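Student: I am new to this structure and would be grateful for a close look at a single helix and its surroundings.

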Amino acid sequence: DWVNTLPYSQIKQLSSRKDFIFGRGFNVRFIRFNTAKPPFNDPRVRKAFYTAVEKSKVCMYGGEVPAKSFVPDGIRGYSPLNGLPYNAEMAAGFLAEAGFTAGKDFPEVELLYQSSENAQIIAETLQLQWKKAFGVKVTLCNVERGTYFSRRKSLDYQMCLSDWRGDYLDPQTFLEIFTSKSGNNQTGWNNAGYDELVVKGAASEGEERERWFRQAEQFLVDTETPVIPLYFGINRCLLKEGIQGYYNNMLDIHPLWALRWPEPDKK
C-alpha cells in the first residue's frame with residue numbers, strides 16, 4: 001500500500017503513475033573537503049572545484065533541486081543565500097591563484113563515496129566536470145557503508161560525497177554540524193568566527209536570528225568553502241489511491257496512526 005524507497009533508475013518511469021507522490025525534502029547532498037591536507041587545505045582550491053560544478057547536470061536524474069545554499073529553502077523566517085555560482089572562468093582563476101594555472105602540476109585526487117546507483121552517477125558526473133574544467137584527474141573510490149563512515153570520521157579522504165537531513169525546520173540543524181566541536185563536522189575545518197555566528201544565531205530570535213545564521217552560512221559557503229552543496233532532496237513514494245491521512249511535509253514524517261484505508265463500500 002505504501003512504498004517509500006524507490007529504485008533511483010526507475011523514478012522517471014514511476015513518476016507517471018497516479019499513485020506516485022513527491023514533495024520538497026529537507027536534506028542536502030554535498031561534497032565534503034578534507035581541509036587538513038593538501039591540496040584542499042587551500043580555500044582557493046576548494047572554491048575552484050566549487051565553481052566548476054554545474055549543479056543542474058549533477059541532479060538531473062531524479063528531479064532534485066540544485067542547491068544555491070547549504071540550508072534548504074522553505075524554512076519559515078529564513079531566506080537562504082545564493083552561494084558561489086557555476087563559472088568556469090572564475091574556477092580557473094581560483095586555481096591559478098593557488099598556483100595551478102590551467103590545472104598544471106595539480107596532484108591526482110580522490111572522491112570517496114558509498115556504494116549506490118545514485119552516488120555512482122553523481123561521482124562520474126563530477127569527475128567529468130572537473131576534468132573538463134581543469135584537466136585534473138579525479139579517481140573515484142566506491143566503498144561499502146561501514147568503510148565509508150570509518151574513513152570519513154578519521155579524515156582518511158580528500159573529497160567525499162555526503163548527505164545531511166535536518167531534524168527540525170530550522171537553519172541551526174544544518175549550520176551547527178560544521179562548528180569546531182561538532183562530531184558531525186568531519187572536514188578538518190574549524191573557525192572561531194563561524195562558531196560565534198552559529199552560537200549567536202542559536203541564542204537569538206526573529207530577524208536577528210536569521211541575520212546571524214545568514215552570516216554563518218555565507219562564511220561557510222562563500223568565504224571558507226569546506227563543502228560544496230550540490231542539490232536538495234525530494235521526498236518520493238508510491239501510495240495506494242484512496243488512503244487517507246497522508247500529508248506531504250519536508251521532514252517526511254508520516255505517523256502510521258494517522259493513516260486510514262478507504263472506508264469499505266457498504267452497499
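Tutor: The following account treats one helix, its two sides, its ends and the core beyond. This is a predicted model, in which local features need pLDDT of at least 70 and side-chain atom pairs count only at pLDDT 80 or more, while totals for chains, interfaces and linings use all residues. Residues are numbered from 1 along each chain as its sequence is written, and side-chain values use heavy atoms, with hydrogens and water left out.

Helix H4 spans residues 88–97; helices here are DSSP runs of H or I with at least four residues, numbered from the N terminus. Its buried residues are Ala91, Phe94 and Leu95, where buried means under 20% relative accessible area and exposed means over 50% (1.4 Å probe, protein chains only). Seen down the axis of H4, these residues fall within an arc of 95°, so they line one face of the helix; the arc is that of the directions from the helix axis to the C-beta atoms. Glu89 and Glu97, on the other side of H4, are exposed. The cover over the buried residues includes helix H2 (43–51) and H5.

At the N-terminal end, Asn87 caps H4, with a side-chain oxygen 3.1 Å from the backbone nitrogen of Glu89. After H4 comes Gly99, whose phi is positive, near 100°.

The largest nonpolar core, a set of buried Ala, Val, Leu, Ile, Met, Phe, Trp, Tyr and Cys residues joined through side-chain atoms within 4.5 Å, has 59 residues. Phe49, Phe70, Trp130, Met159 and Leu230 touch the most other members. Helix H5 (residues 117–134) gives the most to this core, with 6 residues.

Definitions and conventions: Helices (H or I, at least four residues) and strands (E, at least two) are DSSP runs, numbered from the N terminus. Contact means heavy atoms within 4.5 Å. A polar contact is a pair of N or O atoms within 3.5 Å; within protein, one must be able to donate a hydrogen and the other to accept it, and residues adjacent in sequence count only if both atoms are side-chain atoms.
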